[in-house]
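Student: Got a minute to go through this model with me? I'd like to start with the pockets.

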Amino acid sequence: MVCRQFSIALVSYLNPILCTLLLIATEAHVLFYTFGILFSIAPLFSIVNHLSHPILYRAYFIGAVSSAGIALCWYSAHTQLGIYFISLSIFHITEYLLTALFKENKLSLDSFLLNHSTAYHVALGAGFVEYLIESVNLGEEKFYPIVSYVGAVLVIAGDLARKVAIITAAENFDHLVQSEKADNHKLVTHGIYALSRHPSYAGWFYWSIGTQLLLCNPFCTLAYAYASWKFFEERIEEEECYLLRFFGAQYRDYKQTVGIGIPGIKGYTITPEFNAFLDEVKRR
């Protein structure tokens, strides 16, 4: 079943992208792009049963966003916006696909992270609105190539770090903070986790800032940096509280030798009393 879900998501995602590339390759008029994308979904319904339609809709929507990005890069001067759309779609579709491969028991429609939070949706909207307002009013003066290049590097490196973290952790990774330790839950300290004890969070942090640098959005770059920092500060502190409960001195020692990778975030503060307790438990 998971294999089928993975296949449906991948095929549905690639469908509008391949359609767009075909239209570009045949030098079709831009007007045909819209009709091509709309009608390319039709064949999918013949190979996907009704119960799987929610996967199709979400994956196809994500693919359509990517195809819109490709069209923007090819047909317009808004290359940065096109690359942003492509990177956004890759981020979301790979979250689902990797969950299907490595955490099949937790796979759901939420694995796309499309409904992450209201704040996340507001942030996406704000970034898009700022880009439109400034590009209309400032024109070419809005864009600084070096800033966009730095943003593109952060986007690629940040998302790559997150995906490597998911693959490395495999069944030990979860999109939600776990308050109860699973029987097969192991502390992962090798690979990218030897460089950062929360590489998926660090990667997402830099990815989010990179998207706004890519778009040359000064206000949203600052807002994204602050909002992401606050979110991960609270998230990491909560998660480390549980990890210390799960793994005790093992996590304490790991925490003391490996940083997080996000400036200013230290994680859960271990009191002297709790530290002494962990030492006592370790000696037993």
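Tutor: Sure. This is a predicted model. Start with the second largest pocket: helix 5, helix 6 (118–138), helix 8 and helix 9 each put at least two residues into its lining.

Student: Which helix gives the most to the lining of that second largest pocket?

Tutor: Helix 9, with 7 residues.

Student: What volume does the second largest pocket have?

Tutor: About 400 Å³.

Student: How many residues line the second largest pocket, and which lie nearest its centre?

Tutor: The lining has 20 residues. Nearest the centre are Ala119, Tyr120, Ala123, Ala227 and Ser228.

Student: How does the lining of the second largest pocket split by class?

Tutor: It has 15 nonpolar and 5 polar residues. There are no charged residues in that lining.

Student: OK, now the largest pocket. How much space lies in it?

Tutor: About 940 Å³. Its lining counts 45 residues, and the closest to the centre are Phe173, Asp174, His175, Leu176 and Gln178.

Student: And by class, what is the lining of the largest pocket made of?

Tutor: The split is 20 nonpolar, 13 polar and 12 charged.

Student: Which helices each supply at least two residues there, in the lining of the largest pocket?

Tutor: Helix 5 (79–102), helix 7 (145–169), helix 8, helix 9 (218–247) and helix 10 (249–257). Helix 9 gives the most to this lining, with 7 residues.

Student: Switching topic: aromatics. How many aromatic pairs does the count come to?

Tutor: The count comes to 14 aromatic pairs. Take Phe91 and Trp207: their ring centres are 4.3 Å apart and their planes sit at 15°, so this pair is stacked.

Student: Where in the chain are Phe91 and Trp207?

Tutor: Phe91 is in helix 5 and Trp207 is in helix 8. They are 116 residues apart, so the pair links distant parts of the chain.

Student: Is Phe91 buried or exposed? And what about Trp207?

Tutor: Phe91 counts as buried, at 0% relative accessibility. Trp207 is at 4%, and it counts as buried too.

Student: What about Phe246 and Phe247, how are their rings arranged?

Tutor: Edge-to-face. The ring centres of Phe246 and Phe247 are 6.3 Å apart, with the planes at 80°.

Student: Buried or exposed, for Phe246 and Phe247?

Tutor: Phe246 is buried, with a relative accessible area of 14%. Phe247 is buried as well, at 12%.

Student: Back to Phe91 and Trp207. Which residues form one aromatic cluster with them?

Tutor: The cluster also takes in Tyr120, Tyr201, Trp204, Phe231 and Phe232. Tyr120 came up earlier, among the residues nearest the centre of the second largest pocket.

Student: Last one: Tyr206. Where does it lie?

Tutor: In helix 8, which spans residues 199–214.

Student: What does Tyr206 touch, leaving out residues up to four places away in sequence?

Tutor: Tyr206 touches Leu154, Gly261, Ile262 and Pro263. Its side chain also reaches the backbone oxygen of Gly261 at 2.6 Å.

Student: Why does Tyr206 count as partly exposed?

Tutor: Because its relative accessibility is 28%. Buried means under 20% and exposed means over 50%, so partly exposed is in between.

Student: And how far apart are Tyr206 and Phe6 in space?

Tutor: 27 Å, C-alpha to C-alpha. In sequence, Tyr206 and Phe6 are 200 residues apart.

Note on methods:
Residues are numbered from 1 along each chain as its sequence is written. This is a predicted model: local features need pLDDT of at least 70, side-chain atom pairs count only at pLDDT 80 or more; totals for chains, interfaces and linings use all residues. Side-chain values use heavy atoms; hydrogens and water are left out. Helices (H or I, at least four residues) and strands (E, at least two) are DSSP runs, numbered from the N terminus. Buried means under 20% relative accessible area, exposed over 50%, partly exposed in between (1.4 Å probe, protein chains only). Contact means heavy atoms within 4.5 Å. A polar contact is a pair of N or O atoms within 3.5 Å; within protein, one must be able to donate a hydrogen and the other to accept it, and residues adjacent in sequence count only if both atoms are side-chain atoms. On a 1 Å grid over the protein atoms alone, a cavity is a set of points where a 1.4 Å probe fits but cannot get out, and a pocket is an open set with protein on both sides within 12 Å along at least five of seven lines; lining residues have an atom within 4 Å of a point. Grid points are joined across faces, edges and corners, and a volume is the space filled by probe spheres set on the points. Ala, Val, Leu, Ile, Met, Phe, Trp, Tyr, Cys and Pro count as nonpolar, Asp, Glu, Lys and Arg as charged, and the others, Gly among them, as polar. Rings of Phe, Tyr and Trp (its six-membered ring) pair if their centres lie within 6.5 Å; planes under 30 degrees apart count as stacked, over 60 as edge-to-face and the rest as tilted.
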